[in-house]
Amino acid sequence: MDGGIDIIVRKTAMKLADGRDLFYFDDSEPYVTGQKTRRLDDPRPLPDRFEPVDGHPVTGPVMRRDPLTGDWIPMASHRMNRTFLPPADANPLGPARPGAKYQDGEIPDTDYDVVVFENRFPSLMETPETAAVVPSPHQVDDEPLFLEAPANGRCEVVCFGSDLHTNLVEMGPGRMRTVIEAWADRTAALSELPQIKQVFVFENHGQDIGVTLSHPHGQIYAYPYLTPKTEAMLRQAKALVERTGNRRVNLIKSVREAEINAATRMIAENEYWVWYVPVAARWPIEFHLVPKQIVADFPELDEHQRAALADIYLRMLIVANHFHRDAAGEYLAVNYISAWHQAPILEADGRQLLGLHNEFFSFQRAPGKLKYLAGSESGMGAWISDTTPELIAARTREAAQECVKLGAFRGLNGPIDWK
């Protein structure tokens, strides 16, 4: 990644004052060629995060197994005190202020391109005692039904840029490509940890979603267990194998092909990616973005797939921001969650039966109105949609054509086939 004339991104590692990892991913000069290096020391007077407190060793978060569902629930009480909606001049994701001797920010340099670092308030965390240890459950209250284990995964923050007031769309395809490189790099590294079973890349965008830091950033969770969503997809994938008798059938590919054949909810495609509204969309706005060549995870994407993803992904964000109009006719920038599903790491069947794909959704059902998860959804996990996938697809196609007329895709030059 950082040799020869075809350098795209240069990665530089450092340790923060309390021992957490931080990685710069540079795409601009003079850093990308190594002529200059970002600041690699953290001047904050932070104690080592694993330093004993009052003589007691630091313990990491734990997770308990719900005996009714089998779900693992991480419990991290220290997150109650995490930073919440700070002013811009105290945002811990912003760059250091030039000339300042000290500020409690996470990035030491006064400027950066893309940065990834371990979350200061993680819900999943290795300690020196649990690092590289596959969680071994023990009983709670001496009850065999009640199981607890170390939540010894890892939580990382991905800062897309140093400007607190911009977003991925405004940063453009070059920066988007760097973010994809960071996603691939960290997925590969986290997948090497022996206790990790899956890596989840995601972005929460907008205060309505629950974002507590106003800054263009996403996160990466490395879980020491399979999440309920992945387990459900794996069950469906195995059921498809049984139904078809084909041990090599892939659920993600099969669904993608069915959507292409139906053609009723397709939005767009380019040479390497397909974008559609799923047949059983839950949310008021919901898209799936799937590669034409199924891969297990980000590291398996080649250069062409990554470049094509940078283009179509930004188009998807732009169209979402043109989906709703307010009473004055102005387009409404929507809140959203962008969830990147990757195949399980330690499940040989799972890596063959599932694969990388994006699930993008917004709670915004209309200007000023959100989709709330009430009794049926929250209490029973039984979803009720306020619209239909076909209506979502129809409005999305309209919004895409409005974007074309408005020149909203300016700067995006990849070939695209609108449906």
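This is a short tour of the two domains, the interface between them and some charged side chains.

Before you start clicking, note that the model is predicted: local features need pLDDT of at least 70 and side-chain atom pairs count only at pLDDT 80 or more, while totals for chains, interfaces and linings use all residues. Residues are numbered from 1 along each chain as its sequence is written, and side-chain values use heavy atoms, with hydrogens and water left out.

**Stop 1: the two domains**

Select residues 10–223 and give them one colour, then select 228–418 and give them another; these are domain 1 and domain 2 in the domain assignment, which is an automatic or database one. Their C-alpha centres lie 26 Å apart.

**Stop 2: the interface**

Now show the residues where the two colours meet. Here 28 residues of domain 1 are in contact with 30 residues of domain 2 (contact means heavy atoms within 4.5 Å). Between them the domains bury about 2600 Å², 66% of it on carbon and sulfur atoms; buried area is the accessible area, with a 1.4 Å probe, that two parts lose on being put together, summed over both.

Polar links cross this interface too. The rule finds 10 residue pairs in polar contact, both residues being at pLDDT 80 or more (a polar contact is a pair of N or O atoms within 3.5 Å; within protein, one must be able to donate a hydrogen and the other to accept it, and residues adjacent in sequence count only if both atoms are side-chain atoms). To see what domain 1 brings to the interface, select α1 (168–171), α2 (173–191) and β9 (198–205), each of which supplies at least two residues of the side that touches domain 2. Helices (H or I, at least four residues) and strands (E, at least two) are DSSP runs, numbered from the N terminus. The largest share of that side, 10 residues, comes from α2.

The interface of domain 1 and domain 2 also holds 2 salt bridges (a side-chain nitrogen of Lys or Arg within 4 Å of a carboxyl oxygen of Asp or Glu). For another salt bridge to display, pick Glu181 and Arg306, whose closest N and O atoms are 3.1 Å apart.

**Stop 3: buried salt bridges**

Go next to Asp42 and Arg44, whose side chains form a salt bridge with an N to O distance of 2.8 Å. Asp42 is buried at 14% relative accessible area, and Arg44 is buried at 4% (buried means under 20% relative accessible area, exposed over 50%, partly exposed in between, with a 1.4 Å probe and protein chains only).

Then select Arg154 and Glu118, a salt bridge at 3.6 Å, N to O. Arg154 is in strand β8 (residues 154–159) and Glu118 in strand β5 (residues 114–118), so this pair ties together parts that are 36 residues apart in sequence. Both Arg154 and Glu118 are buried.

Keep these two on screen and add Lys11, Lys15, Asp21, Arg49, Glu156, Asp185 and Arg186: together with Glu118 and Arg154, they are linked in a network of salt bridges.

**Stop 4: the loop at Asp18**

Finish at Asp18, in the loop between β1 (10–15) and β2 (21–26). Asp18 is buried, with a relative accessible area of 7%. Its side chain and that of Arg20 are joined by a polar contact of 2.9 Å. Leaving aside neighbours within four places in sequence, Asp18 is in contact with Leu46, Pro47, Asp48 and Arg49.
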